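Let's take a walk through this model, one stop at a time. Have a look around first, and then we'll begin with a pair of helices.

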Amino acid sequence: MKIAILTSGGDAPGMNVAIRAAVRYGIKKGHEIYGVYSGYVGLIKGDFVKLDHKRMSGIISMGGTFLKTARLEEFKDAKFQEKAVENLKKKGIEGLIVIGGDGSYRGALALHNLGVKVVTIPGTIDNDIYGTDYTLGFHTALDTIVSAMDKLRDTSVSHQRCSIIEVMGRNCGDLALYAAISGGAEILVTPEHKLSKEDIIASLTQYKKEDRTHAIVVVTEHQMDVFEFAKEITEKSKFTSVATILGYVQRGGSPSAQDRILGTRMGAYAIDLFDQKISGVAIGIENDRLVYLPIGVVINNKRPVNPLYKLVTEVS
Ligand SMILES: Nc1ncnc2c1ncn2[C@@H]1O[C@H](COP(=O)(O)OP(=O)(O)O)[C@@H](O)[C@H]1O
Ligand SMILES: O=P(O)(O)OC[C@H]1O[C@](O)(COP(=O)(O)O)[C@@H](O)[C@@H]1O
Ligand SMILES: [Mg+2]
């Protein structure tokens, strides 16, 4: 069978690993594998490249995605989706592996509904996809954040300051939550765990009274203007505060061992699913076992709030 593979939405460390596994295992299982450049952009342009074993050499340790990625608003339009299907048909490609996040999954479902055999792999640092404990790239981004937090703690302690650290995650607080636990943050603000500015300032005022040398506040993006809030804390709590937005550094870097294993397992599993004539599904990992659910189910459900939230306050 001819199978195409693409990466879409925000890049995530581990995307290359999943491509490598799907290509090498897919070829061993007798398939022809094609790469599509720049996600859905390449699909509507017909920008395909045949991939072989050798082309996958050396990419296991590379961050980003060698196939490039894109966000393409127009792909919500049926006209462009039909063009994509036409281009796949022209090449005789029956199967498509989409590595991306929740947005990409919507495009993938549209293609599935138009008759393409689609399997999706959760590739996003945000960990915001239903039906999987972890998305590909989450742990590498988390490691990057924790390493930055350790550095920020050094200078916070030296200056006896409060450090506010804004991390990515869009509408999902998992990066902030796991970072808060791993990096020893005192306070955590996420979309699922909102705290009022007054409560945060009251806690920091109390910490200052207890003579704590520093404090770390981790905040998911879009929750507040962290620079303005740092000024407000400094004025109201006597805890001099500074803010850092970690930004795109969180999306880059060599995938962690955990993401390499996850990407390899998921990439190979996608091929196994095609061989079992299963498509229209999203791959996930639950309790360390590979699983799959219909893409529509994954899109229409929200992950339950993480039970680890309690732990942050218990140990702060
Ligand atoms: N409702 C939709 N229908 C079809 N395609 C969509 C839809 N929503 C998003 N997409 C496609 O998926 C791309 C990536 O989505 P986005 O939300 O930006 O990233 P991610 O997939 O990483 O969550 C979009 O730019 C668009 O091309
Ligand atoms: O690259 P952009 O378009 O600025 O997007 C930033 C967003 O992408 C992410 O890094 C990853 O999100 P997606 O995986 O959904 O694309 C989010 O954490 C962040 O909000
Ligand atoms: Mg997303």
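Keep in mind that this is a predicted model. Our starting point is the place where helix H1 meets helix H9: Val 17, Ala 18, Ala 21, Ala 22, Tyr 25 and Gly 26 from H1 touch Arg 260, Gly 263, Thr 264, Gly 267, Ala 268, Ile 271 and Asp 272 from H9. Sort the residues of this contact by character and you get 7 nonpolar, 4 polar and 2 charged.

How do the two helices lie against each other? Their axes are 7 Å apart and make an angle of about 40°, so H1 and H9 are oblique to each other. The crossing is right-handed. H1 itself covers residues 15–28, and H9 runs over residues 257–275.

Now zoom in on Ala 22, which sits in H1. Is Ala 22 buried or exposed? Its relative accessible area is 0%, so Ala 22 is buried. Beyond its close sequence neighbours (those within four places), Ala 22 is in contact with Ile 5, Ile 27, Ile 33, Ile 97, Gly 267, Ala 268 and Ile 271.

Ala 22 also turns up in an unreviewed UniProt entry, which lists it under "binding site" along with Arg 20, Ala 21, Val 23, Arg 24, Arg 153, Gly 184, Ala 185 and Glu 186. These positions span 167 residues in sequence, and the farthest two C-alpha atoms are 45.3 Å apart, so they do not all gather at one spot.

One of the listed residues, Arg 153, belongs to helix H5 (residues 138–159). With 22% relative accessibility, Arg 153 is partly exposed. Setting aside neighbours within four places in sequence, Arg 153 contacts Gly 183, Gly 184, His 214 and Ile 216.

Key:
Residues numbered from 1 in each chain as written. Chains lettered and ligands numbered in written order. Predicted model: local features only at pLDDT ≥ 70, side-chain atom pairs only at ≥ 80, totals over all residues. Heavy atoms only, no water. UniProt positions renumbered as here; feature names shortened; annotations may be inferred. Helix = DSSP H or I, 4+ residues; strand = E, 2+ residues; numbered from the N terminus. Buried < 20%, exposed > 50% of the residue type's maximum accessible area, 1.4 Å probe, protein only. Contact = heavy atoms within 4.5 Å. Axes fitted to C-alpha atoms, helices over the stretch in contact; angles between N-to-C directions. Parallel < 35°, antiparallel > 145°, perpendicular 65-115°, else oblique. Left-handed = near helix turned anticlockwise from the far one by under 90°. Nonpolar A, V, L, I, M, F, W, Y, C, P; charged D, E, K, R; others polar.
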